[in-house]
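This report walks through the strands, helices and cysteines of one protein chain. The sequence and model come first.

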Amino acid sequence: MVQLSELRRRKLEIDIGAPSRHHFHFLKFVTEGSGWHWVDFTKYRVARGDVIQLRPGQVHAFDTNSDHEALLLVFRPEAVSPDLLRRLAVNFVEQFPLEPHDLSSMVQLLEFIQQTDEVPEELRLSSMVPGILHAILSGLNELYLRRNEQAHTPAHNRASELVFRLETLVEQESKRLSFADCASRLHVTPRTLSRACHTVRGMTPKRLIDQQIAMEAKRRLVLGDETVEEIGFDLGFSEATNFVKFFKRLVETTPEAFRQAQRSS
């Protein structure tokens with residue numbers, strides 16, 4: 001756990017204002033001021049009470065031009081029970097606003113984690129930090145469900161769970177899969193999968209799958225040195241021209257133009 005102002009002061013080898021990709025979970029609790037945070041090439045306006053949440057594999061960048069303050073919490077997937085991680089993933093949103101009293105409660109828990117870091121390791125209870133982390137994550141999940149109580153009927157929860165499984169499958173494969181293949185591998189009918197995607201994401205399964213592949217392509221274009229052809233082949237396109245057409249249809253620009261625009265911004 002670290003304060004954003006402290007992170008800015010550190011002499012890091014990387015520019016925190018440049019896009020980066022990590023393999024851990026990240027939570028940013030904005031405590032003072034306002035500014036921006038970039039998540040997967042979307043610019044989010046943040047102010048006191050906002051929480052920014054990132055999953056492993058997402059790309060993000062800090063705002064280095066404002067002086068807003070935040071508490072940053074990072075943890076690896078193995079630090080939390082699989083069930084809690086699944087519930088968080090099913091209800092995942094990149095930005096979530098907290099009420100003042102809820103922010104105050106979260107800050108108290110975060111500061112307690114910070115204080116335990118100062119306790120000598122031989123005196124520190126092994127269950128202390130994991131217990132606080134569980135309380136923070138469970139609290140966020142409960143607040144989200146309470147805020148969206150009307151939407152989260154049993155039927156909606158089942159649909160959300162199925163969409164989460166679909167998105168996880170596509171993410172793990174990192175290849176463009178067919179709608180029918182996904183339904184088969186998830187052991188549901190195409191109609192059930194289609195209905196769930198419309199309910200939760202407001203789009204067809206094909207559109208959802210394509211958007212995930214396009215996002216993975218954008219991440220690799222900006223952060224890696226692979227050629228457009230190599231990225232396309234790795235994502236399941238046998239011909240570079242097909243990948244370029246696919247990318248342009250989803251992103252409205254070519255892969256190379258997107259790479260140059262992001263790297264020059």
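S1 and S8 run antiparallel and are joined by two bridges. Val2 has Leu72 in S8 as its bridge partner. The model is predicted.

**The five-stranded sheet**

S8 also pairs with S3. Strand S3 covers residues 25–32, and seven bridges join S3 to S8 in the antiparallel sense. Here Lys28 stands opposite Leu72 in S8. Leu72 thus appears twice: opposite Lys28, and as the bridge partner of Val2.

Is strand S8 mostly covered or mostly open? Strand S8 spans residues 69–75, and six of its seven residues are buried.

These strands belong to an open sheet of five, ordered S1-S8-S3-S6-S9, with antiparallel pairing. Which strands stand at its edges? They are S1 (2–3) and S9 (95–97). Each has a single partner strand, so one side of each lacks a neighbour in the sheet. At the S9 end, the partner is S6, residues 50–54. S6 and S9 are antiparallel and share three bridges. One of the pairs is Asp50 with Pro97 in S9.

**The four-stranded sheet**

A further open sheet has four strands in the order S2-S7-S4-S5. Its pairing is antiparallel. The edge strands are S2 (20–21) and S5 (42–47), and each pairs on one side only. Between the edges, S4 (residues 34–39) pairs with S7 (residues 59–62). Three bridges hold this antiparallel pair. Val39 has His60 in S7 as its bridge partner.

The table collects bridge counts for four strand pairs from the two sheets.

| Strand pair | Sense | Bridges |
|---|---|---|
| S1 and S8 | antiparallel | two bridges |
| S3 and S8 | antiparallel | seven bridges |
| S6 and S9 | antiparallel | three bridges |
| S4 and S7 | antiparallel | three bridges |

**Helix packing**

Two helices pack against each other: H2 (residues 82–90) and H5 (residues 154–173). The angle is about 100 degrees, and the axes lie 9 Å apart. That makes H2 roughly perpendicular to H5. Which residues meet in this contact? H2 brings Arg86, Ala89 and Val90. H5 brings Ser160, Glu161 and Phe164. By class, the contact of H2 with H5 has three nonpolar, one polar and two charged residues.

**Cysteines**

How many disulfides does the whole structure hold? The search finds zero. Consider Cys182 and Cys197. The closest cysteine sulfur to that of Cys182 is in Cys197, at 9.0 Å, which is too far for a bond. The reverse also holds: the sulfur of Cys197 has that of Cys182 as its closest, at 9.0 Å, again too far for a bond. For a disulfide, the two sulfur atoms would have to be within 2.5 Å.

Are these cysteines buried or exposed? Cys182 is buried, with a relative accessible area of 0%. Cys197 is likewise buried, at 0% relative accessibility.

Cys197 sits in helix H7, residues 190–200. Leaving aside neighbours within four places in sequence, Cys197 is in contact with Val163, Leu166, Gly202, Met203, Thr204, Pro205 and Leu208. The C-alpha atoms of Cys197 and Arg207 are separated by 9.4 Å. These two residues are 10 residues apart along the chain.

**Positive phi outside glycine**

Phe41 is not a glycine, yet it has a positive phi of about 70 degrees. Phe41 lies in the loop between S4 and S5. Its relative accessibility is 22%, so Phe41 counts as partly exposed.

Ser174 is also not a glycine, and its phi is positive at about 55 degrees. Where is Ser174 found? It lies in the loop between H5 and helix H6 (179–185). Ser174 has a relative accessible area of 19% and is buried. The cut-off explains the two labels: buried means under 20% relative accessible area, and partly exposed runs from there up to 50%.

Note on methods
Residues numbered from 1 in each chain as written. Predicted model: local features only at pLDDT ≥ 70, side-chain atom pairs only at ≥ 80, totals over all residues. Heavy atoms only, no water. Axes fitted to C-alpha atoms, helices over the stretch in contact; angles between N-to-C directions. Parallel < 35°, antiparallel > 145°, perpendicular 65-115°, else oblique. Contact = heavy atoms within 4.5 Å. Nonpolar A, V, L, I, M, F, W, Y, C, P; charged D, E, K, R; others polar. Pairing = 2+ DSSP bridges. Buried < 20%, exposed > 50% of the residue type's maximum accessible area, 1.4 Å probe, protein only.
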